[in-house]
Amino acid sequence: MTRTLGYRLFQALLVALTVGVLTFIMVRALPGDMAYRIAAGRYGYDMVNTDAANAVRTELGLDRGGAAALGQWFWDLVRFDLGVSVVSGEPVIDEVRHQLGHTVELALAAVLMSLLIGPPLGILAGLRPGGAIDRGLLLVSSTLRALPHFVVGLLLIIVLATGMGILPAAGHGEPQNLILPALTLALGLAAVSSRVARDAMAGVVSSPYYAFGRTKGLSEAQVFLRHGLRNVSVPIVTYLGVQFIYLIEGVVVVETLFAWPGIGHALVHAIFARDVPVIQGTALVMGLMFVLLNALVDLACYLIDPRRQTA
Amino acid sequence: MTTIAVNSSSSVLEQKRISVGRFIGFTILAFIVLFAFLTPLVWPVDPTKQSLRNVLAGPSWSEPLGYDHLGRSMLARLAAALRLSLGLAFLSVLTAAVPGVLLGILAAWKGGIVDRALSILGDVSLALPGLLLVLMLTAIAPDSPWALYVGISLVLWIEYFRLTRATTRTLITSPAVQASRLLGFGPAYIVRRHLWPEISPMILTVGAFGAATAIMAIAALGFVSVGVRPPTPELGLMMTELLPYYEEAPHALLQPIVVVFLLVLSLNLIAGRKAR
Amino acid sequence: MLRTVSALTLGLMLGIGHAHAAAGDDVLDIVAPFEINGTDPSTAGDLFLKMGVAETLVGADEAGKPIPALAASWELSDDGKVWRFKLRSNAIFHDGTPLTAEAVVAALTVARGKPGILNKAPIETIAADGNDVVIRLSEPFAPLLAFLAQNTTAILALAAYDDKGRVTQVIGTGPFRISLLQAPQKMTVERFDGYWGEKPSIRAASYLAVGRGETRALMAESGDADYVFNLDPASRTRLSRSSKVSVLSVSIPRSILLKVNAGDPLLKDARARQALSLAVDREGIAAAILRYPAAANQLFPPSVASWHNANVPPLTYDPAKAKALLADLGWKPGSDGVLAKDGQRFALTLVTYPDRPELPLVAAVLQEQLKEVGVAITINSTNSSEIPAKHQDGTLQMGLAARNFALVPDPIGTMLQDYPPQGGDWGSMNWSNAEFDQAIKDLSNISDTAQGQPLRDKAVSILQSELPVIPIAWYQQTAAVSKKLENVRLDPFERNFGIASMRWAQ
Amino acid sequence: MTALLVADGVCVFARERIVEPASLSLHPGRPFTILGETGSGKSLLAQAIMGTLPTGLRAEGSVTIAGQRLSLASGQAHRSLWGRVISVLPQEPWLALDPTMRAREQVAEGYGFVQGLSEADATRRAQDDLANLGLARAGGMLPSQLSGGMAQRVAFAAARAGGARIVIADEPTKGLDVARRDDVIALLMREVAEGGGLLTITHDLELARRMGGDLAVMLNGVIIEQGAAETVLGNPQHAYTRRLIEADPAHWPDGQPRPATGKPVLTAEGLGKARGGQRLFSGQNLAVHPGEIIGVTGPSGCGKSTFGDILLGLLPPDEGKVQRAEGQPAIKLQKLYQDPPSAFPQRITLRRAILDLVKRHQLDAARIEPLLERLRLAPELLDRLPTEVSGGELQRFALLRVLLLDPVFLFADEPTSRLDLITQQETIELLVELARERNCAVLIVSHDTELIRKVSDRQIRFGADRPESPSGDQRMPEDALA
């Protein structure tokens, strides 16, 4: 376990390094004049002009060399200082903290919903491979997997919000605002995790130890609870780690669609506006969040699977 | 004999299910590819040619799929968008597969420092969610598919690398390879007869899945307006553009959605059940 | 753990039932595309003004004429160089401190030091004199009143700034004060009881920045928002059939125009520019893309009465004439259908930006229409800042922009910025006309509308014949408003959402 | 004496009948063994009796268990008997134990859920059972920490905990070290001695002999011979049974050891090797003379295979050195593998693999056909994949492949441990014959001392005092014993 966590720590360092260097090089390589881009982000398309760009250039010292600025960023990072957004003038750490909260809220709700939808259905299907539930689920999950998130999100909006009017279409602030974006992400996650659960369950059901459990005299429910559940949850939880990539990518699209003031939304805007500190800050936090989540998955697996405790 | 027969019959059943799925997948894909590449030959309409009189007109004999919001031929646009998505996906998969497989074999074969270094490279690429990378690359070169292409390839190569490395590592220490070496065969033979036959079906699976991912990513990026720019026909972009007209002209909006759906579905079917 | 999780989710699901109170409460929910770029009026002043949080010294009526706001009245010295503003005595800031001349001077001084509008006026000093604010100019400058109505000059309390002139807290004087500010997306405001003017009927309002037009329209349709600003044409058509919302529109002083580089060898000759103009089917664009009658046959729409010149010959669509003009200039169709002369193709790059979703569409149509007369266009849809940036480095050939002529309520403010000799970032480029330059210069000294009319007419007619920019379409601002809301009026100058005057239907 | 279990006309159908009607009765205190090679249908028969046939198969006939008569055609009636009356000792028990549950819990389940004891009582009983089997310390272990023999005993305790008096042991020695076989037999016999019923399914002639009681021999889905084990084995009536008994290395004719002559083709001096910090062997000297057959025995994990690999140059020794005879290329030293399918490229036909070899060394392709004939291999097998021929055939193909290169030294690493008895005999005979013929030295490694004794000119024995560990199965860590 220490070793796994050590590896995650190493990954976290890699993330910081990559994000720092990559975003920096990339943002520097972005086309057009940075001062103009920042001015456009800051003052809007009606007010961006050469005067504004020049003022930005002077204020932010954009003439400074790239290496110096990169070095400064890392030095600041060591001191937990992510700098100040060149667009809004707010400290990046405050902006990110604020947005991260919303994203975490959304992601958590999505994961919870997906866990309530995907694995139970998958397990039901896996208990009887080839049965009606299995085939039905395969159909639904194949369909969901072949539709981009935003299409799913739009369908949900059109059906549940504008059609039936039981949920708000977009926005943020009320608890029910959370449901549609979270459901959009959750359906995507569940489409896959249900298959993982189904395959895992089918594997467990056909395993010698499952059969042994039966011939030992345990009832079907007892065999499932004692020998099925834990064995099937290990791959499901492990797969969650893989799904976080999907989740983090998903928030970028879903947040834009549902006007959710999260970190993915902020990142897209920062890229448009060339807000280097915000890009670095959000990318760093997203990368670190990904590592952290994977560390949590490791921890969960460690708790669920006694094999890892003895290894 | 009997137990073996039973086991193999059930595995044949399993295989058959996969191959039926694959067959359907290949069929759908073949139709889509034919549609994409034959349409310009039999229906040579410029996909950017507008006729403002025909805005959002429905299907007719003269225009089987109707017109979009600028009176452009949906048929021509769909075919062009498909060519773009398919071409881009194919190229990305190819560029990801070649170095991915080669580096995977290299890492497993050489072991030691080379393996360590390449694995760290893979970890670095994995540590950053792929879309982030693609997003920033597309911001560098808006309106040009190469950024999408490079970004997607950069994300996809790792899967090939990891799978090839894992497969090669097991194979390279297997008795079969040891035997071949003892029998005097060199590395080229081992790659050709031992590794390639094992890796190639995997490449198909990962490739089909990767192509599906690429098509989804291109569409998603089009949706957040950082992908290909108008007036280039692109499936995600077409959806975004036609979305406001969902009530006026649902047929127009549905077309790119159905096409993406079929395309990704066919690729997922080809990839088989293991790929997610 | 599992129990907490399921309880939480169950709670969420149950929340659905009575969830839809969001737009049903007495909070007015406003949705618009503009992000809140911080707390400083120089970046977010427009929203503070729109939401009725902050106010300017001078206001504007629906025709753009200056009206008293925080300044109850003003007078101008005879030499036209010294302005004296008398402040409202009963105005107080949201922190309870009274509006003083010192606060106004401080706010304006800070605003002047930042990119915005005030630094473009020939101001010498801004000083407090008792309860008056005195602005001394180096030369007469009539548009000053309009400048002081502009949102970057919004007045905040002294306590709003830190010692470096940065805004740490938004303390305005408006009828609403901020109760929550989550840049860049969300702001909620509540009625400020100490407001000097008429008390608003609306108790509280929220603002949400939603970038995607589709999402905004869907929010209007689903009832999540009571007031949705800036609708795309397709959604407008759809929403106008909705029973829950009404769609309002108003003609605004904003035009889609094609900025051309008059220094470019291909576009140097005014006839070439006229030919391009003749090749544009404005009616078609307006009908298909904007979906309202908005074909711009001159730069300003009739609603901007003082700058609309009904006497100039309108711009028309005549591709045959366009071809003829180009042929006169020696251009001959090449093998690919593109005109060529001396081995050079008539090919241009057009820069535009997707911030306004209709622009890339218009660009695509222009591309097609110009192709008809043999002009090849490459569209570069990019960041809005590329147009000024490329203007500065001289590489711009054509730019398609939606230009707001009401940055300050009097279009002269914009004209001065955009059409100085040799051009401005968002206006002419490498183009000068001595008569025009003089007319604009003179106009900046004349504050009387009628007195300036001949000069404006002259300037407009010069623009019409020389075409340093080619007008394409006029804008209408549209908004979807819940039918539960009454007394909603769209501000043609986009200064204010008008929350203070709205009320809920009984 | 009433029978615990009576099977009457039990047969199994897939699309057609694959196990012919079989009848047998199991008495308390008297083990019953079904002997047959892989694919003979013995496991299906047992599964039909137990009611655990995989889906897609159905059974007919009837079974009477503890006085209750069950018609197999109706199915599902068994469930209430499982654990309480009849239970299964599964084959390869390390796979049949839940990998995520500690041993004690897996045993306690029978007491807790089947017998309905309280949790504390169940745990205590489980711990007692484990202690009785010498596993007092294994209660808190996970299956992955148990050795094969320990897993076998834990599974046995778990199968018994529900109170079942009838145990069906399915290939109880499969995958186990020969040395562990005695333990298993003792374990099973103890159950019999206590008056329980035991039905054992095995391919292991030695196990069948040692169990005693009743014996049925199965071939191709048919019980060809049945009776008291002593009688059947002592006086076999069926040709197959006789053939089977003859194929036991113990019954092989003694070989004629040949003295070593000629210049050594390979010499090793002072070889030593350690693995995982443990010394496998040291100071090993060996001179391999042309055409001699050297047998190596020793328990699993003693380093006997490693020794062979070092001789071939596949592994470097920690100490000492290996010297090939002068002018002898490395290609002349070859190896036969334990698991023939894993020694061939998996996805190309045998013809392709062999022709590749011919092409690589510019051999004479005409030599293939006579060799095929010599090895009793049908030429059409060449067009199959390695997975599509039987293990015995494939091992002979492996022999063919190396013989094409005219080796002077062949390291045969447990070449027949995965083969049935009869096939084993055929294969070994061919190997010895051809090696003698071609003057090729063979180093043959096997855990079967009898086999080694019969075929080799001289023997090497490796460390006898290694701790127990499961052989064969890769899923079991080599030194898992606590």
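The paragraphs below lead through a predicted model, going from the contacts between chains to the build of chain D and then to chain B.

A sensible place to begin is the way the chains meet. Of the 5 pairs of chains that touch, chains A and C have the most contacts between them, and their contact draws 47 residues from chain A and 43 residues from chain C. On the side of chain A that touches chain C, at least two residues each are supplied by helix H2 (34–43), helix H3 (50–60), helix H5 (92–127), helix H7 (149–163) and helix H10 (220–257) of chain A, and among these H2(A) gives the most, with 6 residues. By residue class, this side of chain A divides into 28 nonpolar, 12 polar and 7 charged residues. Chain C and chain D, by contrast, are joined by no contact, and their closest C-alpha atoms lie 20 Å apart.

Chain D itself combines 15 helices with 18 strands. Along the principal axes, its C-alpha atoms fill a box of roughly 75 × 50 × 40 Å. A compact globule of 482 residues would be expected to have a radius of gyration near 23 Å, and because chain D has 25 Å, its value agrees with that expectation. Buried residues account for 50% of the 482 residues in chain D, and, when contacts between residues at least 6 apart in sequence are considered, 71% of those in chain D join residues at least 24 apart.

The domain assignment of chain D gives domain 1, covering 5–247, and domain 2, covering 266–461, and the centres of these two domains, taken over C-alpha atoms, are separated by 36 Å. Where the domains of chain D touch, 10 residues of domain 1 are in contact with 9 residues of domain 2. On the domain 1 side, the elements of chain D that give two or more residues are helix H6 (178–193) and helix H9 (239–247), with the largest share, 3 residues, coming from H9(D). That side of domain 1 of chain D, where it touches domain 2, divides into 5 nonpolar, 2 polar and 3 charged residues.

Chain B has 9 helices and 0 strands, so that, by the DSSP runs used to define these elements, its pattern along the sequence reads α-α-α-α-α-α-α-α-α. Buried residues make up 52% of the 276 residues in chain B, and among its contacts between residues at least 6 apart in sequence, 67% join residues at least 24 apart.

Two helices of chain B merit a closer look. Helix H7 of chain B, residues 187–223, has 37 residues, yet its end C-alpha atoms are only 47 Å apart, short of the 54 Å that a straight helix would reach at 1.5 Å a residue. Within H7(B) there is a bend of about 50 degrees at B:Trp196, and a proline, B:Pro197, follows within four residues. Further along the chain, helix H8 of chain B, residues 235–242, holds B:Glu241. Is B:Glu241 buried or exposed? A residue is buried if 20 or more other C-beta atoms lie within 10 Å of its own, and B:Glu241, with 25 C-beta neighbours inside 10 Å, therefore counts as buried. B:Glu241 also lies 8.6 Å from B:Leu253, C-alpha to C-alpha, with the two residues 12 apart in sequence.

Note on methods: Residues are numbered from 1 along each chain as its sequence is written. Chains are lettered from A and ligands numbered from 1 in the order in which they are written. This is a predicted model: local features need pLDDT of at least 70, side-chain atom pairs count only at pLDDT 80 or more; totals for chains, interfaces and linings use all residues. Two residues are in contact if their C-beta atoms, placed from the backbone, lie within 7 Å. Ala, Val, Leu, Ile, Met, Phe, Trp, Tyr, Cys and Pro count as nonpolar, Asp, Glu, Lys and Arg as charged, and the others, Gly among them, as polar. The expected span of a helix is 1.5 Å times one less than its number of residues. The bend at a residue is the angle between axes fitted to the seven residues ending there and the seven starting there. Domain bounds come from an automatic or database domain assignment. The radius of gyration is taken over C-alpha atoms; the globule rule is 2.2 Å times the number of residues to the power 0.38. A residue is buried if 20 or more other C-beta atoms lie within 10 Å of its own, exposed if 12 or fewer, and partly exposed in between; C-beta atoms are placed from the backbone.
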